[in-house]
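I opened my notebook for a first pass through this one. The plan was to go chain by chain, then look at the packing and a few odd residues.

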Amino acid sequence: MSLLEVGGVVSGYGEMEILHDVSIQVEKGDIVSLIGPNGAGKSTLMKTIFGLLRAWKGYVRFAGEEITHLQPEQIVRRGLCYVPQVDNIFPSLTVRENMEMGAFIRDDNYQLRMDEIYELFPDLKDRRGTRAGKLSGGMRQMVALGRALMLDPQMMLLDEPSAGLAPLVVELIFERIRAINREGVTFLIVEQNALKVLENSDQGYVLVEGRNRLNGTGRELLEDKQIGELFLGR
Amino acid sequence: MAELVGYGFVLGSIITLGAVGLTLIYGIVNFGNFSHGDLMTLGAYLALLLTARIFPALGISDRPLSPLSFGWVMLLSFIPAMAVTGLVALVADRLVYRPLRRLEVKPVFLAISSLAVALVLRSLVYILWGPDYHFLIHGLRPMLRLPLGVKLRPDQVFIIIIAWAMVAGLYLFLQRTKIGKALRAMADNPNLARITGIPTERMTILVWFIGGSMAAAGGILLGIDSQVRPTMGWALLLPLFAAIVLGGIGNPYGALVGGLVLGIVQQASTMWLLPSYKPAVAFLVLILILMFRPQGIFGGT
Amino acid sequence: MEVVRILHSMAGFAVTASIYAIFALGLNVHWGYTGLFNIGIAGFFAIGAYTSALVTSPQPTGVLAHYVKQAFGLNMPFLVGVTAAGLVSGLLAIPIGIPTLRLREDYLAIATIGIAETIRLIFNNERWLANGPQGMIGLAKPLGWLVPPNRYNFIYLAIVLAFLLIIYLALERGIRSPWGRVLRAVREDEVVTSAAGKNVFLFKMQSLVLGAVIMGIGGALYAHAIRAIQPGVFTPLFGTLIIWVMLILGGSGNNKGVILGAFIIWGIWSGTALLIDHIVPVTWSARAPYLRFLLIGLLLIGILLTRPQGLLGEEKQVSRMM
């Protein structure tokens with residue numbers, strides 16, 4: 001049984017249908033990437049999985065439980081966290097307060113967890129009293145990830161974690177993602193930077209115009225001719 | 001001038017109490033609550049009811065704590081008046097604003113509905129108490145001479161102390177408690193708050209309660225300082241909005257400064273203008289801010 | 001004759017309802033067609049009324065001048081007064097629009113409350129302007145010489161209906177024109193309209209001014225209907241809120257709808273006055289008007305919750321053309 005199963009999902013915004021029948025599976029412990037051209041519906045799929053958009057047809061199962069029509073507040077309690085692409089921090093709160101908000105639904109002592117995350121992101125520890133809105137793009141992304149990690153999630157949905165970041169910072173972010181993955185957290189990552197994310201993925205799905213096009217292991221997709229032409233500039 | 005600034009501080013402290021609640025609400029529900037003034041009015045009338053009717057009926061009469069014009073009983077009346085007004089604000093959200101939110105109407109419709117709620121509150125006050133003035137305080141009120149040529153009554157010093165104590169309490173709540181931080185988070189980024197699992201509906205209810213009860217406190221203080229009349233809160237609506245625009249909508253620190261500035265500027269204007277023009281002065285301040293720095297001095301959410 | 005007397009009263013009712021319908025049409029230009037949140041109608045109402053009053057009244061002389069103070073009195077005919085009222089009201093809209101139209105709609109709302117309140121304060125405090133709180137009386141009675149006073153309502157009704165008809169037709173024309181279509185586009189999505197190359201600010205300003213002109217005309221008509229005005233008339237309730245209820249009930253974006261809404265709401269208002277006079281015991285009668293205020297407030301909430309599009313909803317014909 002996969003940790004996340006998405007089957008035959010149809011959804012969209014208002015009356016506009018974006019996803020026409022999408023299915024993916026994410027195995028526990030994997031890093032799975034979701035790539036495709038602009039407007040393919042990658043972000044839409046993330047939002048539908050997390051309950052921010054309603055699925056018109058199809059199902060979403062997490063750890064065996066049907067979560068298709070649950071609200072985000074309920075889904076996050078089941079160990080699935082979401083980091084949006086934009087507006088993913090609380091700008092007028094400090095780094096520390098952002099992390100505290102991440103732990104909002106925990107009723108135990110989260111200080112231990114916070115220290116663990118500070119180990120993963122030492123830069124955050126240095127700046128924990130700074131207002132998050134004043135940080136650079138890379139630091140903000142770390143705050144966003146740190147916030148989501150406070151809940152000790154089983155799985156994280158990341159929407160374009162490398163957007164707008166310098167190559168060195170992107171490398172750092174992905175390195176941290178690998179580190180977190182080694183600790184047992186599963187990832188589903190949407191990315192424009194197909195090369196980078198496929199290099200770091202166990203599995204990958206290609207979405208085009210709201211439908212599944214291709215899938216395979218990270219290696220297979222990297223070597224695939226079509227993908228090469230479409231996304232990797234070969 | 002020192003006298004005017006002194007009194008401006010008193011007026012400003014009252015405006016700040018209202019403005020802080022208003023700006024918090026604005027930051028969370030994303031529309032201007034035009035019933036905020038009338039919530040202040042309600043608070044004052046509830047205090048009147050308690051001190052003039054209910055407490056005496058229970059055999060409790062007020063003995064002034066010198067040098068103030070009132071005693072423990074007036075202070076006691078704060079608590080139920082604030083609580084009931086907070087509840088009324090909360091109920092208005094449940095009955096009117098929340099159903100409209102569910103319908104996903106534009107924020108402007110929520111503002112229109114708050115105008116209707118304002119009218120309902122004011123009408124109730126008119127019906128239950130009539131259009132005349134009432135006094136919360138009776139008796140003579142001597143002046144204190146303070147340094148720098150400021151002259152204030154002891155009551156007014158009390159108003160300043162109470163208002164700022166409440167504001168300080170609110171700030172501690174916002175800065176130090178989990179729920180307070182969650183409120184700030186929600187004002188910053190409501191979508192992310194949802195994603196984080198913060199119960200946004202319950203937070204909304206809380207912010208209405210806080211805003212409503214602080215408004216009531218402001219109303220009572222206003223009633224202590226002058227009189228209690230049905231339009232007292234509505235007359236403060238312009239200064240309240242000017243204060244929160246000056247401070248940046250959604251920014252409680254800004255509202256703090258905004259309230260004081262409005263109080264002092266309005267009072268200073270009485271050197272050249274009739275006191276009844278004060279709302280017009282507030283309006284002028286508002287227009288100036290909108291022309292030169294619409295996001296406010298500190299920027300909002 | 002009894003029948004004529006009743007008809008005369010009904011004409012009186014129709015006069016006020018029609019004047020409010022004119023205000024509602026003005027608000028429809030602001031809110032219904034352009035999405036401008038104007039909650040200071042009372043300000044334009046007052047400016048229109050006072051302008052026409054000052055323009056059409058003579059300057060008091062002799063003994064009267066001790067009791068009645070006016071800044072000026074041009075003693076012009078009624079139509080000049082109404083025209084001036086519309087012009088001045090339209091001009092007033094410009095300085096309000098400049099700081100607020102580029103910002104979010106809440107700001108316009110607060111600014112319009114401010115202007116309404118400021119105007120009221122000025123007319124109340126500056127006695128030299130228009131006699132302060134006592135206001136002006138004995139205003140011009142157009143065509144008053146035609147009939148005896150107890151038949152005058154019919155004449156004035158004809159005058160008001162003429163204005164209502166002209167304004168209605170002009171607006172219906174305007175809405176279907178290219179200008180009207182841009183207004184509607186601005187209301188729906190400013191960003192897209194702006195990207196399409198339209199100067200959104202200019203269109204909003206035009207709409208603000210046009211609606212203000214209509215409200216000013218309404219104010220003048222009101223002044224000459226009642227023939228006495230004072231600052232206390234132009235309250236937030238009667239000067240602004242009741243017109244919003246009329247608009248929302250009738251259907252914003254629909255000129256026929258708002259006229260219908262005006263008649264219905266004024267009917268409810270007048271009807272409940274008669275009713276409450278009969279029901280409420282004398283000791284409470286001072287508070288009876290506030291019961292009706294409460295009713296209006298509850299009615300507005302009720303409409304917003306159950307049928308926010310109003311009775312007639314937005315005109316399909318216009319939307320189809322978009």
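In what order do the elements of chain B run from the N terminus on? I read the order as α-α-α-α-β-β-α-α-α-α-α-α-α. I keep in mind throughout that this is a predicted model.

**Entry 1: chain B**

I get 11 helices and 2 strands for chain B. For its 301 residues, a compact globule would have a radius of gyration near 19 Å, and chain B has 19 Å, so the two agree. Along the principal axes, I find that the C-alpha trace spans about 55 × 50 × 35 Å.

I looked up burial next: 63% of the 301 residues in chain B are buried. Of the contacts in chain B with a separation of 6 or more, 77% are between residues 24 or more positions apart. The exposed area of chain B is about 11,400 Å², and carbon and sulfur atoms supply 69% of that. I also checked the charges, 21 positive and 10 negative in chain B, and their mean positions are 5 Å apart.

**Entry 2: chain C**

Chain C has 14 helices and 2 strands. Its radius of gyration is 20 Å, which agrees with the value near 20 Å for a compact globule of 322 residues. I boxed its C-alpha atoms along the principal axes and got roughly 65 × 45 × 40 Å.

What percentage of the 322 residues in chain C is buried? I get 56%. Residues 24 or more positions apart make up 78% of the chain C contacts that have a separation of 6 or more. I note about 13,600 Å² exposed on chain C, with 69% supplied by carbon and sulfur atoms. There are 22 positive and 12 negative side chains in chain C, and the centres of the two sets lie 7 Å apart.

**Entry 3: chain A**

In chain A I find 10 helices and 10 strands. With 234 residues, a compact globule would have a radius of gyration near 17 Å, and chain A agrees at 17 Å. Its C-alpha trace spans about 45 × 40 × 35 Å along the principal axes.

Buried residues come to 56% of the 234 in chain A. Among chain A contacts between residues at least 6 apart in sequence, I find that 67% join residues at least 24 apart. The accessible surface of chain A is about 10,300 Å², and 45% of this belongs to carbon and sulfur atoms. I have 27 positive and 33 negative side chains here, with the centres of the two sets 3 Å apart.

**Entry 4: who touches whom**

Which chains have the most contacts between them? Of the 2 pairs of chains that touch, I find the most contacts between chains B and C. No contact joins chain A and chain C, and their closest C-alpha atoms lie 15 Å apart.

**Entry 5: cores**

In soluble globular proteins, nonpolar side chains tend to be buried together. I looked up the largest nonpolar core here and found 279 residues in it, with A:Met156, A:Leu188, B:Phe34 and C:Trp244 having the most contacts inside it. Helix H4 (residues 107-129) of chain B gives the largest share of this core, 15 residues. Another core lies apart from it, with 5 residues, including C:Val182, C:Leu183, C:Val200 and C:Phe203.

I then listed what A:Leu188 is in contact with, leaving aside neighbours within four places in sequence: among them are A:Leu4, A:Ile24, A:Val26, A:Met46, A:Met155 and A:Leu158.

**Entry 6: odd phi values**

Most residues other than glycine have a negative phi. I noted two residues that have a positive one.

A:Glu160 has a positive phi of about 50° and is not a glycine. I place A:Glu160 in the loop between strand S7 (155-159) and helix H7 (167-182) of chain A. Is A:Glu160 buried or exposed? It counts as buried, because its relative accessibility is 11%, under the 20% cut-off.

C:Arg227 has a phi near 60°, again positive in a residue other than glycine. C:Arg227 sits in the loop between helix H10 (200-226) and strand S2 (228-229) of chain C. Its relative accessible area is 25%, so I put C:Arg227 down as partly exposed.

**Entry 7: one more residue**

Last, I looked up A:Gln226, which is in helix H10 (residues 225-231) of chain A. A:Gln226 counts as partly exposed at 41% relative accessibility. From A:Gln226 to A:Leu214 I get 9.7 Å, C-alpha to C-alpha, with the two 12 residues apart in sequence.

Key. Residues numbered from 1 in each chain as written. Chains lettered and ligands numbered in written order. Predicted model: local features only at pLDDT ≥ 70, side-chain atom pairs only at ≥ 80, totals over all residues. Heavy atoms only, no water. Helix = DSSP H or I, 4+ residues; strand = E, 2+ residues; numbered from the N terminus. Rg over C-alpha atoms; globule rule 2.2 N^0.38 Å. Buried < 20%, exposed > 50% of the residue type's maximum accessible area, 1.4 Å probe, protein only. Contact = heavy atoms within 4.5 Å. Areas by Shrake-Rupley, 256 points an atom, 1.4 Å probe, with all protein chains shown as cover. Lys, Arg positive; Asp, Glu negative; His and termini not counted. Charge placed at Lys NZ, Arg CZ, Asp CG, Glu CD. Core = buried A, V, L, I, M, F, W, Y, C linked by side-chain atoms within 4.5 Å.
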